[in-house]
Amino acid sequence: MTSGKISKIKERFLKEVEEEKDAGKKRKICKKYIEEDLASVFSLVKNLSGEKRGEVGRAANELREFITKKMEGEKREEVAEKARIDVTFPGTEPDLGSLHPLTVLQKRCEEIFQKMGFVVAGGPELENEWYNFDALNFKKDHPVREMQDTLFAKQKDRGSLSEKEKLLMRTHTSPVQVRYMENRKPPFRIIVPGRVFRNETTDNSHEINFYQLEGLMVGEDVSIANFRAVIGYFLQQLFRAKVKLRLRPSFFPFTEPSFEVDVSCSICDQKGCSVCKQTGWIEIMGAGMVHPNVLRSAKVDPDKFTGFAFGCGLDRIAMIEHKIENVRLFYSGDLRFLKQF
Ligand code: PHE
C-alpha cells in the first residue's frame, strides 16, 4: 500500500461521481468509497511500518475527509432539489364558490326592510314548546303539536318537563317575535330570516327544512293600513315591478284578524301563467294583527300597543324568481344546480 495507490482511488472516485447526475446516487457512491475502498485501505495501514504508515495514513485520512465533504454537499443539494419550486410553472386555479340563491334572496329582503328602519333579529333553531306554541296562543290540542307534524327532541321523562324545557326544532320563525319583545320596550320593527323544520314527507314543494322571513311591527296605533304600505313597498322592490295586493281572511292562533296575502303575478301581468296557475295571483305570505295574548306573553301592554306580523317562505319566492320546480334542489348540494346562480 502506497500513497500513490490512494491517489488512484481518488481519481477513480472522482470519475465515478462526475458521471452520475443524480445527487442521491452521488451520495451513495461516496458512502460506498468510505465504507468499502477506504475501509480496506485503513485495515492495511495498520500493518505498515513507521514512516510509511504515517504517510499512507495521512493520505487516506485526507481522502476520507474529501469524500465526506463531498457527501455532505450532495446531501444539501438533494434537499434543495426536492424543495425547489418553479415559480414560472402555471398554478392550480382555486375553485371559486358563490352565494347560495336563498342567501342572495335573504340579503335582498334584508336590504329592502332595512331601508324602512327594520332591524334584523334572530333566535334559536332548537326551540322550546313555550316560545314555539304556548306564547303564540296555540291551544294544547292544536294539530301542529302532533308527532307527525313537528320534529320533537327525544328527552328523558319528557312528560314531567315544563313547556320551556321541552325542546323541538322550531316550526316557524314566529317564536322570535316573543323572544325579541320580552326584553325590550316598544316600538319594534324587526324582520327574522331563518331556518325552520317540519316533519314532512318530501316532494317537489315540501322539504323537512326551509327558510322563512318573519316580520313584526309594534307601536302605538300600528294598523292594517301600515301593513299594506310596508308590504306593498317590499313586494314592489322584491319583484322589481308595480304590484297589486289582495288580502284574504285566514286563521293563525297568534294573529287576529289573520289573512293570506296574494300579490299580482308580474310574470304574466295577470294574464295567467304556470307560476300563478292561471289565476293572476300568487299566494305569498301569512299575516295579521298581533294577537293581544302574544303581546301579553311578551309583557307588552295590548291596551297601549298594537302591531302586525307576517311570515313568508323564502324558498317559494326563490322558486318563483328562478322558475325552479323542485324545492329539494336548494338542499341537494348539487354543483350543477348551484353554479347557475
Ligand atoms: N308562522 C306562520 C307560518 O309558519 C306565518 C305567519 C307569521 C302568519 C306571522 C302570520 C303572522 O305559517
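Q: In this predicted model, how far is a nitrogen atom of the ligand from an N or O atom in the side chain of His172?
A: Let's start with His172, which is listed with Ser174, Arg198, Gln212 and Gly311 as coming nearest to the ligand. The pair to look at is a ligand nitrogen and a side-chain N or O of His172. Polar contacts are counted within 3.5 Å, and this pair sits at 3.0 Å.

Q: Which side chain has a polar atom 2.9 Å from an oxygen atom of the ligand?
A: Ser174 isn't the one here, since its side-chain N or O atom pairs with a ligand nitrogen, at 3.0 Å. For the ligand oxygen, the partner at 2.9 Å is a polar side-chain atom of Gln212.

Q: How much of the ligand's exposed area does the protein bury?
A: Picture the ligand pulled out on its own: it would expose 330 Å². Put it back, and the protein covers a share of that area equal to 88%.

Q: Which strand gives the most residues to the shell around the ligand?
A: There are 13 residues around the ligand, and by class they split into 5 nonpolar, 6 polar and 2 charged. Strands S5 (209-219), S8 (281-290) and S9 (306-313) each put in at least two. The top contributor, with 3 residues, is S9.

Q: What volume does the pocket taken by the ligand have?
A: The ligand's space turns out to be the largest pocket of the model. So what's in there to fill? The space in that largest pocket comes to about 1,500 Å³.

Q: Which element supplies the largest share of the lining of the largest pocket?
A: The lining runs to 50 residues, and those closest to the pocket centre are Ser205, Phe210, Glu283, Gly313 and Arg316. At least two lining residues come from each of S5, S6 (245-252), S7 (255-264), S8, S9 and helix H9 (314-322). The largest share is 8 residues, and the element behind it is S8.

Q: How many charged residues are in the lining of the largest pocket?
A: Sort the lining by class and you get 23 nonpolar residues and 16 polar ones. The charged class then holds 11.

Q: Where is the proline that follows the cis peptide bond from Pro186?
A: That bond runs from Pro186 to Pro187, with omega near 5 degrees. Pro187 is found in the loop between helix H6 (175-181) and strand S4 (188-197).

Q: Which strand holds the proline joined to Glu256 by a cis peptide bond?
A: Glu256 is joined to Pro257, and omega is about -5 degrees for this cis bond. Pro257 has its place in strand S7.

Q: What is the phi of Asp157?
A: Asp157 lies in the loop between helix H5 (129-132) and strand S3 (167-169). Its phi is positive even though the residue is not glycine, with a value near 50 degrees.

Notes. Residues are numbered from 1 along each chain as its sequence is written. This is a predicted model: local features need pLDDT of at least 70, side-chain atom pairs count only at pLDDT 80 or more; totals for chains, interfaces and linings use all residues. Side-chain values use heavy atoms; hydrogens and water are left out. A residue is near a molecule or strand if one of its heavy atoms lies within 4 Å of it. A polar contact is a pair of N or O atoms within 3.5 Å; within protein, one must be able to donate a hydrogen and the other to accept it, and residues adjacent in sequence count only if both atoms are side-chain atoms. Accessible areas come from the Shrake-Rupley method with a 1.4 Å probe; for residues, only the protein chains shown count as cover. On a 1 Å grid over the protein atoms alone, a cavity is a set of points where a 1.4 Å probe fits but cannot get out, and a pocket is an open set with protein on both sides within 12 Å along at least five of seven lines; lining residues have an atom within 4 Å of a point. A molecule sits in a cavity or pocket if more than half of its atoms lie within 2 Å of its grid points. Helices (H or I, at least four residues) and strands (E, at least two) are DSSP runs, numbered from the N terminus. Ala, Val, Leu, Ile, Met, Phe, Trp, Tyr, Cys and Pro count as nonpolar, Asp, Glu, Lys and Arg as charged, and the others, Gly among them, as polar. Grid points are joined across faces, edges and corners, and a volume is the space filled by probe spheres set on the points.
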